[in-house]
Amino acid sequence: MKEEMTFEQSMQRLDEIVAKLSENDMPLDDSIKLFEEGLRLVKDCNTKLTAYETQINDIIMKNGGANDAA
């Protein structure tokens with residue numbers, strides 16, 4: 001099984017994919033494969049961001065909520 005990429009690694013790979021697709025100089029089959037990989041990365045990044053948001057909200061709640069932070 002492939003090792004899971006960090007959020008930062010996924011974003012870097014997405015940047016690479018966007019750059020390659022922007023060049024518009026590869027066969028359509030290859031472009032579609034890159035596009036599909038990009039969509040998977042976007043989904044993975046979104047899942048991670050949602051988990052981070054939940055984690056941050058949990059930390060805030062455990063420490064008395066946002067209103068107590070001053």
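These legends accompany several views of one predicted chain.

**View 1. Two helices make up the regular structure of the chain.** Welcome to the overall picture: there are two helices and zero strands, where helices (H or I, at least four residues) and strands (E, at least two) are DSSP runs numbered from the N terminus. With a radius of gyration of 18 Å, well over the 11 Å from the globule rule for 70 residues, the chain is more spread out than a compact globule. That radius is taken over C-alpha atoms, and the rule is 2.2 Å times the number of residues to the power 0.38. Along the principal axes, the C-alpha atoms fill a box of roughly 55 × 30 × 15 Å.

**View 2. Six residues form the largest nonpolar core.** Look here for Phe7, Leu14, Ile17, Leu34, Leu41 and Cys45. Helix H1 (7-23) and helix H2 (28-62) each supply at least two residues of this core. A nonpolar core is a set of buried Ala, Val, Leu, Ile, Met, Phe, Trp, Tyr and Cys residues joined through side-chain atoms within 4.5 Å; buried means under 20% relative accessible area (1.4 Å probe, protein chains only). Of the 70 residues of the chain, 17% count as buried.

**View 3. Leu41 and its contacts.** Setting aside neighbours within four places in sequence, Leu41 touches Met5, Ser10, Arg13, Leu14 and Ile17, a contact being heavy atoms within 4.5 Å.

**Notes.** Residues are numbered from 1 along each chain as its sequence is written, and side-chain values use heavy atoms, without hydrogens or water. In this predicted model, local features need pLDDT of at least 70 and side-chain atom pairs count only at pLDDT 80 or more, while totals for chains, interfaces and linings use all residues.

Note on methods. Buried < 20%, exposed > 50% of the residue type's maximum accessible area, 1.4 Å probe, protein only.
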